[in-house]
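Student: I am new to this structure and would like a close look at one part of it. Could you start with a pair of strands and then show me what lies around them?

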Amino acid sequence: MAPLKIDIYADGADVDEMLAALKQPYIRGFTTNPTLMRKAGVTDYEAFASQVLGHIKSLPISFEVFSDDFDEMDRQARFIDSWGSNVYVKIPVTNTAGASAAGLIRTLASDRIKLNVTALLTVDQVWEVAGELNPDVPAIVSVFAGRIADTGVDPVPIMKESLKILQYRPKAKLLWASPRELLNLVQADQVGCHVITVTPDILKKLPMLGRDLAQLSLDTVKMFHNDAHTAGFSLRTRTDAYI
């Protein structure tokens, strides 16, 4: 982990997993979203947030609004912002009709609310969001590099261009969202992204980082051999096959 400069944020909504991640010195923040919360069985948003914030008191953590109406998003954002000084409010880049959230982002940023603008996938979206952020207020711009890659497009050029755009917003951090494998952590670090969100399944792979490939090859051969032996596999001899 030492050579990496990027901040790793644990992504999830399982409280036990979040608290386990909190104990790791390389975790620098947390993100959640309604989909992860639903998957984790969360039914009471405020109770969940209160429980989590009872433990995560200083590291940045993002909670997302869930309304599709911009006025209601504004109300929810201000309420979520009141939960703590380490809280970032996640605002989707558009509503479900595709209407831009730029005006809401501008209003909230002007009122010095720390935002995590989420679900961006294009350079044009980064340009639009950057133009609405308050240069004096910390913010996160979450570009879903993993989803970009899912379409067969290399996300690296998009992330590099996004970094160039955000240089005019020195307190805004570019976040590589939705990584699919450990390689994405290395890619994001090499590009110069400030933050990457990492799910528990990828966090479990961190000990693999920097492994010697020749040794890993040998370990893989040993795994196949041991599993075959444990399973009790055997094959008939050529003579037995004709009996």
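**A strand pair and its surroundings**

Tutor: Let's begin with one pair of residues: Trp176 has Ile196 in E8 as its bridge partner. Please keep in mind that this is a predicted model. The two strands here are E7 (residues 172-176) and E8 (residues 195-198), which pair in the parallel sense over two bridges. In general, the strands of a sheet pair through backbone hydrogen bonds, either parallel or antiparallel.

Now step back to see where this pair belongs. Eight strands close into a barrel, in the order E1-E2-E3-E4-E5-E6-E7-E8, with parallel pairing. On average, neighbouring strands of this sheet are turned by 30 degrees against each other, direction ignored.

Follow the chain on from E7 and you come to Ser178, in the loop between E7 and helix H9 (182-191). Is Ser178 buried or exposed? Ser178 has a relative accessibility of 13%, so it counts as buried, the cut-off being under 20%. Leaving out residues up to four places away in sequence, Ser178 touches Phe144, Ala145, Gly146, Arg147 and Thr197. With Gly146 there is a polar link: a polar atom of the Ser178 side chain lies 3.1 Å from the backbone nitrogen of Gly146. For a sense of scale, the C-alpha atoms of Ser178 and Val129 are separated by 19 Å, and these residues are 49 apart along the chain.

Elsewhere in the barrel is another serine, Ser62, which sits in strand E3 (residues 61-64). Ser62 has a relative accessible area of 1%, so it is buried. The side chains of Ser62 and Asn116 are joined by a polar contact of 3.1 Å. Apart from neighbours within four places in sequence, the contacts of Ser62 include Phe30, Thr31, Tyr88, Lys90 and Ile140.

Helices complete the picture. Helix H6 (residues 123-132) lies across strands E5 (115-120) and E6 (139-143), and runs at about 160 degrees to E5.

There is also a helix pair to look at. Two packed helices are described by the angle between their axes and the distance between the axes. For helix H4 (residues 70-81) and helix H5 (residues 102-110), the axes come within 10 Å and cross at roughly 30 degrees. H4 and H5 are therefore roughly parallel to each other, since angles under 35 degrees count that way. Their crossing is right-handed. On the H4 side, the contact is made by Phe70, Met73, Asp74, Ala77 and Arg78, and on the H5 side by Leu104, Thr107 and Leu108.

Conventions. Residues numbered from 1 in each chain as written. Predicted model: local features only at pLDDT ≥ 70, side-chain atom pairs only at ≥ 80, totals over all residues. Heavy atoms only, no water. Helix = DSSP H or I, 4+ residues; strand = E, 2+ residues; numbered from the N terminus. Buried < 20%, exposed > 50% of the residue type's maximum accessible area, 1.4 Å probe, protein only. Polar contact = N/O pair within 3.5 Å; in protein donor to acceptor, adjacent residues only side chain to side chain. Contact = heavy atoms within 4.5 Å. Pairing = 2+ DSSP bridges. Axes fitted to C-alpha atoms, helices over the stretch in contact; angles between N-to-C directions. Parallel < 35°, antiparallel > 145°, perpendicular 65-115°, else oblique. Left-handed = near helix turned anticlockwise from the far one by under 90°.
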